[in-house]
Amino acid sequence: MGTEAREALARLAGERVDHRFKGLPPDADGLTVGELAAQRRNLFTDGFATPVLALSAERLEHNLALMETYAVRHGLAFAPHGKTSMAPQLFRRQTDRGAWGITLAVPHQVRVARAYGVQRVFLANELVDAAALRWISAQLDADPDFRFVCYVDSVRGVGLMDAALRGARRPLDVVVELAAGEGARTGVRTEKECAAVADAVAAAPSLRLIGVAGYEGEVPRADPERVRAWLRRLVALAVDFDEAGRFAGAEEIVVSAGGSAWFDTVAEVFAGIPGLSLPVLKLLRSGAYVSHDDGHYRRLTPFNRVPEEGALEPAFRLWTQVVSRPAPDQAFVNAGKRDAAYDLDLPVAQVIRRDGTERPATGVSVTALSDQHAWLRTGPEADLEVGDWVGLGLSHPCTSFDKWPLIPLAEADGTVVDYIRTFF
């Protein structure tokens, strides 16, 4: 990481704490983030206001280390999807843990990554916005160490990209995106159409074809056999392109896939990629691992299928407070859709804190969310009073990070050791 990137990350600690940041102690207003972190305040006793989202320091570190080890064990390069957190401090920790670079989805995210020194970006999208393409081209021209790769999935898209980049000093590296099936999301549907897109790239002076990619998480009715079959198509496409000489001018061949639900199958199939004319970069792009979750990815993580390889740990907890107990079977806490992910699953009531003591949230469940309230159903065994803190587990990291611009990083005893800044 260069001096400018280190200085940019250091400036995050110089940002002033104020009303923009939810959950932080009101008496911290005017302090810098670094000054507040140096105080090592306790999340439960030193003025934090509910609702407040906390990220576990220990579990974050565990998850970072586990996926680093997994990628190395399986001979994979790793470009975790940065859209999950949009947190430059976490990008830095991921690259420090051996990540090849960071995957992103849209131009704004690339601008954030570049502002904080990310030198390798994989854009998992076709990019046809002329202004964004010209900006990326200028970044490539200004920094010979910056590497950028993005999808192409149409002849029309290739033409728009080439027109926007006309006169660029460095060609833009692209990979043909193979769709996960009929009715799936983006990508080229057939191998014949993939060849037509590759031909269009070959005729575009500003572009260079360096590989193939896709997202197996969109395979219709996904199961191990269907995902495996699609991944074999992706590998076969790379082999066919190589035999046809379509990667002429490339320094290596990129073959990329891998969300957070099937990376074990990606590792299995990619292990069988045959020798090609150039070195192969087997690029995995899973992103949700960084915080994991207590719902969607807890159920779908490949580590459920390969427990001998380890286990991710859910690192988020949303702390809320009971503000109403209108009936024996009902209570309300002060966090809702503005604070908690809800697109895949409702939050899960995990623990209750009262007078410094924490215990399981027995008999308490979340049944609905309003904008600023969670509806709780309470059984006869539930011991819950107005004023109690309720810790909620969340499902889907990507829609948890985006609601919190500054997230306390807390140790198990509640000591807050840092604050994670997000940019959405």
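**Exercise 1. The second largest pocket**

Work out how much space the second largest pocket holds and what lines it.

*Solution.* Start with the volume: the second largest pocket holds about 390 Å³ of space. Keep in mind that this is a predicted model. Next, look at the walls. The lining counts 22 residues, and S56, R317, W319, E411 and A412 are the ones nearest the pocket's centre. Then ask which elements contribute: β1, α3, β10 and β12 each put at least two residues into this lining. Finally, sort the lining by class, which gives 10 nonpolar, three polar and nine charged residues.

**Exercise 2. The largest pocket**

Do the same for the largest pocket, and find which element gives the most to its lining.

*Solution.* Volume again comes up front: the largest pocket has about 630 Å³. Its lining is made of 31 residues, with H81, K83, R185, Y215 and G259 lying nearest the centre. Now for the elements. Both β4 (120–126) and α11 supply at least two lining residues each. The top contributor is α11, with three residues. By class, you get 14 nonpolar, 12 polar and five charged residues in this lining.

**Exercise 3. Strand β17 and its neighbours**

Decide whether strand β17 is enclosed or open to the outside, then find its partner strands.

*Solution.* Step one is to check burial, where the cut-off is under 20% relative accessible area. Five of the five residues in β17 (residues 406–410) are buried, so the strand is largely enclosed by the rest of the structure.

Step two is to check the faces one at a time. One side carries L406, P408 and A410, the other I407 and L409, and all of these are buried, so to speak of β17 is to speak of a strand covered on both faces.

Step three is the pairing. With β1 (residues 52–56), β17 pairs in the parallel sense over two bridges. Here L55 is the residue opposite L409 of β17. With β18, the strands run antiparallel and five bridges join them. In that pairing L409 stands opposite D418 of β18.

Step four is the connection. β17 and β18 make a hairpin with five residues between them, and G414 in the turn has a positive phi of about 95°.

**Exercise 4. Salt bridges across the sequence**

Take the salt bridges E15–R421, E313–R59 and D383–R354, and say where the partners sit and how exposed they are.

*Solution.* First, the principle: oppositely charged side chains can pair when their charged atoms come close. The cut-off is a Lys or Arg side-chain nitrogen within 4 Å of an Asp or Glu carboxyl oxygen. That rule gives 33 salt bridges here.

Now take E15 and R421, whose side chains form a salt bridge at 2.9 Å, N to O. E15 sits in the loop between α1 (3–12) and α2 (33–38), while R421 belongs to strand β18 (residues 416–421), so the bridge ties together parts 406 residues apart in sequence. As for exposure, E15 and R421 are both buried.

Move on to E313 and R59, whose salt bridge spans 3.9 Å, N to O. This pair also links distant parts of the chain: E313 is in the loop between α11 (296–300) and β10 (316–327), R59 is in helix α3 (residues 57–73), and 254 residues separate them. E313 is partly exposed at 28% relative accessible area, and R59 is partly exposed at 35%.

Last comes D383 with R354, where the closest N and O atoms are 3.1 Å apart. D383 lies in the loop between β15 (374–378) and β16 (389–393) and R354 in strand β12 (residues 348–354), 29 residues apart. D383 is partly exposed, at 36% relative accessible area, and R354 is partly exposed too, at 21%. Don't stop at the pair, though: R354, R359, D383, E385 and D388 are linked in a network of salt bridges.

**Exercise 5. The whole chain**

Is the chain as compact as a globular protein of its length, or less so?

*Solution.* Count the elements: the chain has 12 helices and 18 strands. Then compare radii of gyration. The chain comes to 23 Å, close to the 22 Å from the globule rule for 424 residues, so the chain is as compact as a globular protein of that length. For the outline, the C-alpha atoms fill a box of roughly 70 × 45 × 35 Å along the principal axes. To finish, check burial: 56% of the 424 residues are buried.

Note on methods
Residues are numbered from 1 along each chain as its sequence is written. This is a predicted model: local features need pLDDT of at least 70, side-chain atom pairs count only at pLDDT 80 or more; totals for chains, interfaces and linings use all residues. Side-chain values use heavy atoms; hydrogens and water are left out. Helices (H or I, at least four residues) and strands (E, at least two) are DSSP runs, numbered from the N terminus. Buried means under 20% relative accessible area, exposed over 50%, partly exposed in between (1.4 Å probe, protein chains only). Two strands pair if DSSP finds at least two bridges between them. On a 1 Å grid over the protein atoms alone, a cavity is a set of points where a 1.4 Å probe fits but cannot get out, and a pocket is an open set with protein on both sides within 12 Å along at least five of seven lines; lining residues have an atom within 4 Å of a point. Grid points are joined across faces, edges and corners, and a volume is the space filled by probe spheres set on the points. Ala, Val, Leu, Ile, Met, Phe, Trp, Tyr, Cys and Pro count as nonpolar, Asp, Glu, Lys and Arg as charged, and the others, Gly among them, as polar. The radius of gyration is taken over C-alpha atoms; the globule rule is 2.2 Å times the number of residues to the power 0.38.
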